[in-house]
Structure formats: C-alpha cells, structure tokens
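Here are a few exercises to work through with the structure in view. Try each task yourself before you read its solution.

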Amino acid sequence: MNYKDIKVDKSSLRYERKFLLDDYLINTLEDLNSFLPINLFEQHKERRINSVYYDTNDLKFSKQNIDGINLRKKIRVRYYGPLQDIDSPKLELKLKYGLVGNKEIYNLNKNELCKNYFLINNLVFPEIINNKNQNLLVSTKPKLIISYKRKYFLSICQRYRFTLDSNIIFKIFDFSDLDSNFRDNLFYSYHKKILEIKYSHNDELFANHLTRNLPTRLSTVSKYLIALNSLGLASPF
C-alpha cells in the first residue's frame, strides 16, 4: 500500500521507526548525540507513560502486526505520571498504513472508566462510539497494561523527534482485581530500551542517513508484541 493512496490528511501521517537497545548502550542525551550527524536537545522532562492495550479475544490486532498487514489498528488508554494515579486518561485510536500512521485522541472520564473496568462502549462513552468507531471498539477489551519511562529529544531543525523508553514493565489486565493492575510489584520487567524516531513522510530520505550509525538495527516489534510474547500470550515474532 502506498501512503499516497490513503484517504486521510497526508500532513497528519508520520513515520515511526523503532530500535531495540541493550540497556547499557544509550542512557543520556550526550550518548545519543554521539551516534548522530545532527544535534538534539531535550524537548520535555522524562515522565512515566502508562497504557492499557485493547484487543479482540483472538488477538486480531497483534496478529495483524506479526503478519505484516499493511492496514493495522491499535487501541489503548493512556495516562501519564505514577502508575497508580490514573490522571486525565485518554483513548488513542492508532492506525498504521504500511510504514506511516496517525491517531485520534479522545478525553475519558476517569471515574466512569474505572467503574466500568476500562471497558469502553456506547453506553458509557457515547460521544466516542460513533458510527466510525462502533465496530472497532465494542469488539475489544483490555488485554495488557504497559508502563515505562520516556525521555524526549528534538533535532535542532525540529524535523526529527526521538524518544527513549526505559524501565519497561507490563502485566496481563486483571478484571477480577482492578487495583492489582496498578501495583508495579506485580509487573514483568523488560531489560532493554526502545529508541524511536518520528518524522514526516517528507523527511524519509535524510532519516535513513541520520540513523545509520546507531549501535542497533531497525525493529518492527512493538511493546505490545514484546509483552504478549514475554507473557506467553502470542507466538514468537
């Protein structure tokens, strides 16, 4: 599929390229700058990101990723800060078209979300479950919760954004004990970092040159797939 054939606003599409790193390789802005032909600066302070990932009973979304399906979907509820403090949660509907993608973001009511065990349906959130999203959302439920720390860096030209994710932990979403989903002592730890570069589809040519000296290879594996595989819920990728 060519992104030029996609019936969406092309200006909203961006590349997201991931690199798996051994934990010791890149820790600071100075480390990252040493591998790049351009300089970066810290865009935001490091913060913790918490995401509840949704899928169908047969893990349709994960299989799309493993099988390399061009048009893929990802649904998650995301919030920032301490894992146990569900502050200002947002629903993210993410679509990937080959190597590029975009997402829609909706504000959620924390009390309604927790009261309904993170199930999103047209009775609780009618403004979100419109005709376009109805079939997509009502057939899914929470599968995993993933939490990690993220550092944000931006190139001086402001065309390339890098994120560095560390201290990645995850667990199966537990409907029988909602509070257990937000106690980090119950999580599985992943001992690698994930470096990601994000940029417009117009900047693809230089991006390949930009990342060629990184001490790792490009990866298509997502945190969701890593978690599923580590917890024995999906076939190895």
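**Exercise 1: a pair of charges**

D165 and K223 form a salt bridge, with their closest N and O atoms 2.8 Å apart. Keep in mind that this is a predicted model.

Task: Find out which elements D165 and K223 belong to, and how many residues apart they are in sequence.

Solution: Start with D165, which sits in strand β7 (residues 161-172). Now look for K223, and you'll land in helix α6. The two are 58 residues apart in sequence, so the pair ties together separate parts of the chain. Last, check the cover around them: D165 and K223 are both buried. As background, side chains of opposite charge can pair when their charged atoms come close.

**Exercise 2: the helix at the end of that pair**

Task: Decide whether helix α6 is largely enclosed or not, and say why.

Solution: Helix α6 covers residues 223-230, which makes 8 residues. Next, pick out the buried ones: K223, Y224, L225, I226, A227 and L228. That is 6 of the 8, so the helix is largely enclosed by the rest of the structure. Then step past the end of α6, where you meet G232 with a positive phi, near 75 degrees.

**Exercise 3: more salt bridges**

Task: Work out where E92 and R76 sit, and whether each is buried or exposed.

Solution: First the pairing itself: the side chains of E92 and R76 meet in a salt bridge, at 2.7 Å from N to O. E92 is in strand β4 (residues 90-97) and R76 in strand β3 (residues 71-80), so to speak distant parts of the chain, 16 residues apart. Now compare each value with the cut-off, since buried means under 20% relative accessible area. E92 has 4% and counts as buried. R76 has 5% and counts as buried too.

Task: Do the same for E16 and R14, then find which residue joins them in a network.

Solution: E16 and R14 also share a salt bridge, 2.9 Å from N to O. At 9% relative accessibility, E16 counts as buried. R14 comes out at 22%, so it is partly exposed. The residue to add is K94: R14, E16 and K94 are linked in a network of salt bridges. Across the structure, the count comes to 13 salt bridges.

**Exercise 4: a serine in a loop**

Task: Locate S180 and list what it touches beyond its sequence neighbours.

Solution: Go to the loop between β7 and β8 (188-190), and you'll find S180 there. Its relative accessible area is 4%, so S180 is buried. Leaving out residues up to four places away in sequence, S180 touches K171, D174 and L186.

**Exercise 5: the whole chain**

Task: Say why the protein chain can be called as compact as a globular protein of its length.

Solution: Begin with the parts: the chain has 6 helices and 10 strands. Its radius of gyration is 18 Å, close to the 18 Å that the globule rule gives for 237 residues, so the chain is as compact as a globular protein of that length. For the outline, the C-alpha atoms fill a box of roughly 50 × 45 × 35 Å along the principal axes. Inside, buried residues make up 48% of the 237. Of the contacts with a separation of 6 or more, 68% come from residues 24 or more positions apart. Finally, count charges: there are 38 positive and 26 negative side chains, and the centres of the two sets lie 4 Å apart.

Technical notes:
Residues are numbered from 1 along each chain as its sequence is written. This is a predicted model: local features need pLDDT of at least 70, side-chain atom pairs count only at pLDDT 80 or more; totals for chains, interfaces and linings use all residues. Side-chain values use heavy atoms; hydrogens and water are left out. Helices (H or I, at least four residues) and strands (E, at least two) are DSSP runs, numbered from the N terminus. The radius of gyration is taken over C-alpha atoms; the globule rule is 2.2 Å times the number of residues to the power 0.38. Buried means under 20% relative accessible area, exposed over 50%, partly exposed in between (1.4 Å probe, protein chains only). Contact means heavy atoms within 4.5 Å. Lys and Arg count as positive and Asp and Glu as negative; His and the chain ends are not counted. The place of a charge is taken as NZ of Lys, CZ of Arg, CG of Asp or CD of Glu. A salt bridge is a side-chain nitrogen of Lys or Arg within 4 Å of a carboxyl oxygen of Asp or Glu.
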